[in-house]
Amino acid sequence: MMGHSHAVSGALVFAAAAPFLPPLVIGRPLQPGEVLLGAVLSAGAALLPDLDHHDGTLAHLFGPFSRLACRAIARLSGGHRHATHSLVFVALAGAGSRAAVERWERGFTDGLTFTLLLFAVHALRSHTSGRCADSRATTVGLAAIGTASAHTWLPGTGTWLPYAVVIGTLTHVLGDCLTRQGVPLLWPYRRRFEMVLIKRTGNRFETRFLVPVMTVGTLVLVWLAAFAPTALTG
Ligand SMILES: [Zn+2]
């Protein structure tokens, strides 16, 4: 799947689960602003597993620097679609961000919020090639404005940020199961899991059908989860 599709699917799953899971996982429902921010942060987290891809969407974020970083991560994790495409990675990303939020509190929360917003804005504005439609300065500026807004108006972001990381990374890993090659879900066990719905990354089914449907679904679900959650929970 393309980075853009991963980002949209991360936002979609976050919005769909927003009325149900947060009370169970973090002990309280999310506020409307948190649903909106959470969907975007989950979109950003849904890019994280592809940090192992030297030609993926994130690799294009900061030119040679990000490409080099992605190559290093690929080498450490065993190559593209290895360790970072597993349930172990999802669990480590969730537990790691939770431990860091507890240790460094708002400093870490702001840092991770900025990073995930940067990834989300970059992916959502990117073409199918993974190259961004506009300047990096705009992407960085939008992420900075989002982070400052979250810092000012949503002081409880740290309490649910690790949850958004889990939703985003898990959505990515399961999404890649729908493509050829699948993913080693139970890494370090090597068996790859796949159920091929998308035969080629960036094909018409993905770009003309899946992405538009997921985008509309996300907007509707964010609206309902934020302003009329009882319409979803009954
Ligand atoms: Zn992937």
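This passage looks at a zinc site, a buried leucine beside it in the chain's fold, and the cysteines. The model is predicted, so local features need pLDDT of at least 70 and side-chain atom pairs count only at pLDDT 80 or more, while totals for chains, interfaces and linings use all residues. Residues are numbered from 1 along each chain as its sequence is written, and side-chain values use heavy atoms, with hydrogens and water left out.Turning to the metal, the zinc ion is held by Asp-50 (OD), His-85 (NE2), His-172 (NE2) and Asp-176 (OD), at 2.0 to 2.3 Å. Donors here are N, O and S atoms within 2.8 Å of the metal (3.2 Å for Na, K and Ca); water is not among the atoms, so sites may look incomplete. Along the chain the donors follow the spacing D-x34-H-x86-H-x3-D. Asp-50 sits in the loop between α3 and α4 and Asp-176 in helix α7 (residues 157-176), so the pair ties together parts that are 126 residues apart in sequence. Helices (H or I, at least four residues) and strands (E, at least two) are DSSP runs, numbered from the N terminus. Both Asp-50 and Asp-176 are buried, meaning under 20% relative accessible area, with exposed being over 50% and partly exposed in between (1.4 Å probe, protein chains only).

Leu-47 belongs to the loop between α3 (32-45) and α4 (63-77), and is buried at a relative accessible area of 2%. Its contacts (heavy atoms within 4.5 Å) include Ala-7, Phe-119 and His-172, leaving aside residues up to four places away in sequence. Leu-47 and Ala-7 are 40 residues apart in sequence, yet their C-alpha atoms are 6.4 Å apart in space.

As for cysteines, Cys-70 is buried at 2% relative accessibility, and Cys-177 is buried at 10%. The disulfide count (cysteine sulfur pairs within 2.5 Å) comes to zero.
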